[in-house]
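Q: I have a structure open beside its sequence and would like to learn how to read its features. Could you take me through them in order?

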Amino acid sequence: MARPRRIVLVRHGESEGNADDSIYERTPDHALPLTAQGWRQAEETGRRLRELFGQERVSVYVSPYRRTHETFQAFGLDPARVRIREEPRLREQDWGNWQDRADVARQKANRDAYGHFFYRFAQGESGADVYDRVGGFLESLFRSFEDANHPPNVLLVTHGLAMRLFCMRWFHWTVDEFESLSNPGNGETRMLVLGENGKYALDRPFDRWREPVPEGTGRQQGRSAGWQRDHHHP
């Protein structure tokens with residue numbers, strides 16, 4: 001089995017939806033492009049990735065959303081060293097189709113009280129639903145490592161929630177550990193690095209907005225302020 005030395009997760013650059021959430025009322029989530037700032041963020045991330053990968057080959061998986069494809073385009077990786085696949089299981093959490101701002105605000109408040117992992121949007125998905133499809137992708141990824149010629153690097157261009165859930169699944173974090181973490185910023189990376197002990201470790205942790213609450217002590221205490229501060233639309 002040819003396990004990669006690095007698995008790099010990248011959140012897309014700033015999209016028009018990150019800059020103005022009213023756009024969800026008239027533009028499908030999957031069709032939102034990057035802003036000028038988002039292109040700059042992605043280009044800067046690409047500079048660091050080119051330095052990291054050097055002349056090594058990279059297996060790339062990209063969410064099917066426009067903003068993730070544009071983010072990858074801005075990286076400027078050498079096409080001769082990249083194997084790219086569009087991967088729908090790495091897409092954004094489904095919030096429904098055309099999104100009414102007032103309805104989304106109400107559902108966000110309900111989600112803050114109910115819990116981000118278990119709350120399912122009326123026309124969309126829960127965090128648990130995204131966890132399941134990310135888990136399915138992980139099984140496919142593991143099978144790809146059976147190829148003796150697998151590239152030494154894997155790059156996932158995806159969304160903030162999917163990045164946290166990927167790591168939750170990989171490292172067997174609890175639901176409450178997941179819910180204590182903030183999304184990475186636009187264009188931010190997290191990297192799983194293969195150590196000499198044969199295990200992967202994160203190069204740096206996700207930011208926390210609170211400490212995890214031990215099981216059995218009640219997860220509802222102190223939720224709302226932290227969620228509203230750090231957990232906007234991914």
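The dialogue below goes from the whole chain to single elements and residues.

Q: What kind of model is this, and how many helices and strands does the chain have?
A: This is a predicted model, and its secondary structure comes to eight helices and six strands. Read from the N terminus, the elements follow the order β-α-α-β-α-β-α-α-β-α-α-β-β-α.

Q: How does the radius of gyration of the chain agree with that of a compact globule?
A: The general idea is to set the value for the chain beside the one expected for its number of residues. A compact globule of 234 residues would have a radius of gyration near 17 Å, and the chain, with 18 Å, agrees with this. Along the principal axes, the C-alpha atoms fill a box of roughly 50 × 40 × 25 Å.

Q: What share of the residues is buried, and what supplies the exposed area?
A: A residue is called buried when its relative accessible area is under 20%. By that cut-off, 50% of the 234 residues count as buried, while the chain exposes about 10,900 Å², of which carbon and sulfur atoms supply 48%. As for contacts between residues at least 6 apart in sequence, 76% of them join residues at least 24 apart.

Q: Which residues of the largest nonpolar core touch the most other members?
A: This core has 27 residues, and those touching the most other members are Ile7, Leu9, Leu141, Leu156, Phe166 and Leu192. Two or more residues each come from β1 (6–11), α5, β4, α6 and α7 (175–179), and α6 gives the most, with seven. A second, separate core has 16 residues, among them Leu49, Phe72, Leu77 and Val157. To follow one member of the largest core outward, take Leu192, whose contacts beyond four places in sequence include Ile7, Leu9, Phe166, Trp170 and Tyr200.

Q: How should I read helix α5, beginning with its span?
A: The span of a helix can be compared with the one expected at 1.5 Å a residue; α5 (residues 127–144) has 18 residues and reaches 26 Å from first to last C-alpha, close to the expected 26 Å. At its start, a side-chain oxygen of Ser126 comes to within 3.3 Å of the backbone nitrogen of Ala128. The buried residues of α5 include Val130, Arg133, Phe137 and Leu141, and their cover includes β2 (58–62), β4 (153–158) and α6 (160–171).

Q: Why is helix α3 described as largely enclosed?
A: One counts its buried residues: seven of the ten in α3 (residues 66–75) are buried, so the helix is largely enclosed by the rest of the structure. They are Arg67, Thr68, Glu70, Thr71, Phe72, Ala74 and Phe75, and they pack against β1, α2 (36–53), β2, β3 (82–86) and β4. After α3 comes Gly76, which has a positive phi near 65°.

Q: Is Glu87 buried or exposed, and what does it touch?
A: Glu87, in the loop between β3 and α4 (101–114), counts as buried because its relative accessibility is 9%. Its side chain makes a polar contact of 2.9 Å with that of Arg89, and, beyond four places in sequence, Glu87 touches Tyr61, Val62, Ser63, Pro64 and Phe137.

Q: Where does His172 lie, and is it buried or exposed?
A: His172 lies in the loop between α6 and α7 and is exposed, with a relative accessible area of 62%. Although not a glycine, His172 has a positive phi of about 60°.

Terms used. Residues numbered from 1 in each chain as written. Predicted model: local features only at pLDDT ≥ 70, side-chain atom pairs only at ≥ 80, totals over all residues. Heavy atoms only, no water. Helix = DSSP H or I, 4+ residues; strand = E, 2+ residues; numbered from the N terminus. Expected span 1.5 Å × (residues − 1). Buried < 20%, exposed > 50% of the residue type's maximum accessible area, 1.4 Å probe, protein only. Contact = heavy atoms within 4.5 Å. Polar contact = N/O pair within 3.5 Å; in protein donor to acceptor, adjacent residues only side chain to side chain. Rg over C-alpha atoms; globule rule 2.2 N^0.38 Å. Areas by Shrake-Rupley, 256 points an atom, 1.4 Å probe, with all protein chains shown as cover. Core = buried A, V, L, I, M, F, W, Y, C linked by side-chain atoms within 4.5 Å.
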